[in-house]
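Got the viewer open? Let's take a walk through this one together, stop by stop.

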Amino acid sequence: MFRRHKSLASERKRELFSKGASRFTLKNDMRNFHALSQLVLSAGPLKPTPVVKHSKTIHFEIEILDAQTRKQICIVDKVTQKSTIHDVKQKFHKACPKWYPSRIGLQLECGGPFLKDYTSIQSVAASSIVTLYFTDLGQQVSWTTVFLAEYTGPLLIYLLFYLRMPYIYDAKESSRTLRHPVVHLACFCHCIHYIRYLLETLFVHKVSGGHTPLKNLIKSCAFYWGFTSWIAYYINHPQYTPPSFGNRQVTISAVNFLICEAGNHFINVVLAHPNHTGNNARFPSPTYNPFTWLFFLVSCPNYTYEIGSWISFTVMTQTLPVGIFTLLLSIQMSLWAQKKHKIYLKKFNSYMHRKSAIFPFIL
């Protein structure tokens, strides 16, 4: 009886122990499930696996032919759709080292316009094979070099004549005659004009990295240097006669010259603004500066002020060489202004058609 009671007690203990163990296990399972749920919720929604897109790069094959003989010079391959004409010139230079990029002129057809360096291949390609015609542009120089040579020469040449070097004028005649004040004023104005040009070339104008044939540098220097020598020789000659109307003529002309020089400078500063350069340029608007108000009337006020300066210099010195130089310069700048005026009419939709190119209400 005692043994049976003992066995029943032991079975009851085992039953209670098993129930306690199962409750402990269930409690642990609940804790684990709760921790797993919190982990899933904190991880956020499931994100789909990103799909890798394989972009197809289109390659072009550029066949370059001689523009005169139509013979094949080379083939430039593996040119992407983002490549430009400048990139093609670089690869062409590697294939033919004797022609450097600035000397290479590429055309879509013989006799057509030369393609700009920034032109993309995709914009001119009709298929994967593109044929371009090559023209040797000759020896090239940068535009900065051209401008510096054009303006440095006249500045130094005029000073040589102003100092009356013995091998230019007769020494005895130069020592006997006193120079009229207009001679000194003319030298001052001439130097101011070309010093302004040099400073603007270095610090104001955004000269492109383009090049021009060497012959253009020679022609420009011959024109400016030659006329400067002729002008300076007459104004600084010992027998130079002052203007007919005396100091009044000189003073009014000098003041007008300085006004035109200031106007030309402020216009160049406005044109050098980033909003008025590049492919996304917009036509410059007049500012609070009164010198820029000429934009209301003409497309190229910098040329207007330039011609005004030389007309004032002609009246101030009253010499024939300056008058001829002013006439030729006015003709050339009028042609440049008309060309730019036509470009503005096509490029800017809001451009006012009633504006003139260079002379208000005239041209």
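Here is a short tour of one helix, one core and a few charged pairs.

This is a predicted model, where local features need pLDDT of at least 70, side-chain atom pairs count only at pLDDT 80 or more, and totals for chains, interfaces and linings use all residues. Residues are numbered from 1 along each chain as its sequence is written, and side-chain values use heavy atoms, with hydrogens and water left out.

Start by selecting helix H2, residues 85-95 (helices are DSSP runs of H or I, at least four residues, numbered from the N terminus). Its Ile85, Val88, Lys89 and Phe92 are buried, meaning under 20% relative accessible area, with exposed over 50% and partly exposed in between (1.4 Å probe, protein chains only). Now pick lysine 89, buried at 7%, and add aspartate 117: the two form a salt bridge with the closest N and O atoms 2.8 Å apart. A salt bridge here is a side-chain nitrogen of Lys or Arg within 4 Å of a carboxyl oxygen of Asp or Glu. Aspartate 117 sits in the loop between S3 and H3, so the pair ties together parts 28 residues apart in sequence. At 36%, aspartate 117 is partly exposed.

Next, select arginine 196, which is buried at 9%. Which residue meets arginine 196 in a salt bridge at 2.8 Å, N to O? Glutamate 261 does; that pair links helix H8 to helix H6. Add glutamate 306, whose salt bridge with arginine 196 has its closest N and O atoms 3.8 Å apart. Finally, show Arg196, Glu200, Glu261 and Glu306 together: salt bridges that share partners join them into one network.

Key. Helix = DSSP H or I, 4+ residues; strand = E, 2+ residues; numbered from the N terminus.
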